[in-house]
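This report describes one protein model, with attention to a helix, its surroundings and a pocket. Please look over the sequence and the structure first.

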Amino acid sequence: MPEGPSVRKFHHLISPFVGQQVVKIGGSIKKLNSAAFQSLWLQDTQVHGKELFLRFDLDEEIGSPGNNPLPEPLEKKEEAGDQKQTFGCDSQKISDQSSRSLNPVVPSGDNGSECLGGDSPAGGTERWLQVRFGLFGSVRANEFSRAKKPNKRGDWKDPIPRLVLHFGGGGFLAFYNCQMSWHSSPVLRPTSDILSEKFHRGRALEALGQEQPVCYTLLDQRYFSGLGNIIKNEALYRAGIHPLSLGSLLSPPQLEILVDQVVEFSAHWLQGKMQGTQQHTEIYQKEQCPAGHQVMKEAFGPPGGFQRLTWWCPQCQPRLPPDEPEQVQLS
């Protein structure tokens, strides 16, 4: 899924639409009540780690949480014979069969209710739409995603947006490969967000010092929200740490360097995205490291957990002996 810098860029694309009213919707979402959505105004957008939050209200003016309850955004039953849905453009239509393949099950989450099928938000107070992206999830502003290569059948079919919101100002937002659910408030923990000024280094360092491989801890969103597989690989390589090194065997300076690399690489990646430049990686998906050594690749993950492909250089990132911590040389 998109990592913190990418989701921050999505947030940047959405921000200009704040204060505008939704006038038309489309996409592959089923059981969506168009009329209800079209009465809503986008009032705010916030980002935390890999998740986006969009606030909608009935009135242009922001009201208190208890007033102007959110209208029912779902149809509890599909109308018989409804075999097609539109993107919001008359010339672009998707078949029921195509949209079915792009409709993942949406968990209700923390005090949230499903907005893609199921009942409407409980009590009508859920005003925040939480967006969680899949592996190739994205947001496009005033443009649709286009196919970059043919599929297995040789067809050049453009990706189908999950949701398209057309606004009164004339522009539109297209959301791809994502899950959405309504919440009464955004779930924000800036102290764990690696791109937040409030990121808590001390808590992150304490988590990294546990007796488990550091590559497991880095992907724990409780401590490193927004950190994904690319940042994990790059930070470990730049810090000279083997992904399976136990955090409890690393010295405090090594842990400090690792957190520094996480923050610096993420910030640089975000800056590049805002400037439209591609991020350079030194180890991720490489066959050789910058020093010319052969790179190793293997899937690592906690027992019973998700295994993620990991690239590392055995020479630049030696694994620590179980009873002899490696000494770091500080210049």
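Which residues in H6 are buried? They are Asn 229, Ile 230, Ile 231, Lys 232, Asn 233, Glu 234, Ala 235, Leu 236, Tyr 237 and Ala 239. Buried means under 20% relative accessible area, exposed over 50%, and partly exposed in between, with a 1.4 Å probe and protein chains only.

The model is predicted, with local features needing pLDDT of at least 70 and side-chain atom pairs counting only at pLDDT 80 or more, while totals for chains, interfaces and linings use all residues. Residues are numbered from 1 along each chain as its sequence is written, and side-chain values use heavy atoms, leaving out hydrogens and water.

The protein has 7 helices and 11 strands; these are DSSP runs numbered from the N terminus (helices H or I, at least four residues; strands E, at least two). Of its 331 residues, 47% are buried.

**Helix H6 and its neighbours**

Helix H6 covers residues 229–239, and because 10 of its 11 residues are buried, the rest of the structure largely encloses it. The cover over the buried residues of H6 includes H1, helix H5 (214–218), H7 and strand S11 (308–312).

Two of these covering elements, H1 and H7, also pack on each other. Helix H1 (residues 4–14) and helix H7 (residues 252–275) lie with their axes 9 Å apart, at an angle of about 35°. Axes here are lines fitted to C-alpha atoms, for helices over the stretch in contact, and angles run from 0 to 180 degrees between N-to-C directions. From H1, Pro 5, Ser 6, Arg 8, Lys 9 and His 12 meet Ser 266, Trp 269, Leu 270, Lys 273 and Met 274 of H7. Contact means heavy atoms within 4.5 Å.

**Positive phi angles**

Three residues with positive phi are listed below.

| Residue | Phi | Place |
|---|---|---|
| Gly 240 | about 70° | just after H6 |
| Asn 177 | about 45° | strand S9 |
| Gln 285 | near 60° | loop between H7 and strand S10 (296–300) |

Asn 177 is not a glycine, and neither is Gln 285. Asn 177 counts as partly exposed because its relative accessibility is 38%. Gln 285 is exposed, with a relative accessible area of 53%.

**Long-range contacts**

Among contacts between residues at least 6 apart in sequence, 70% join residues at least 24 apart.
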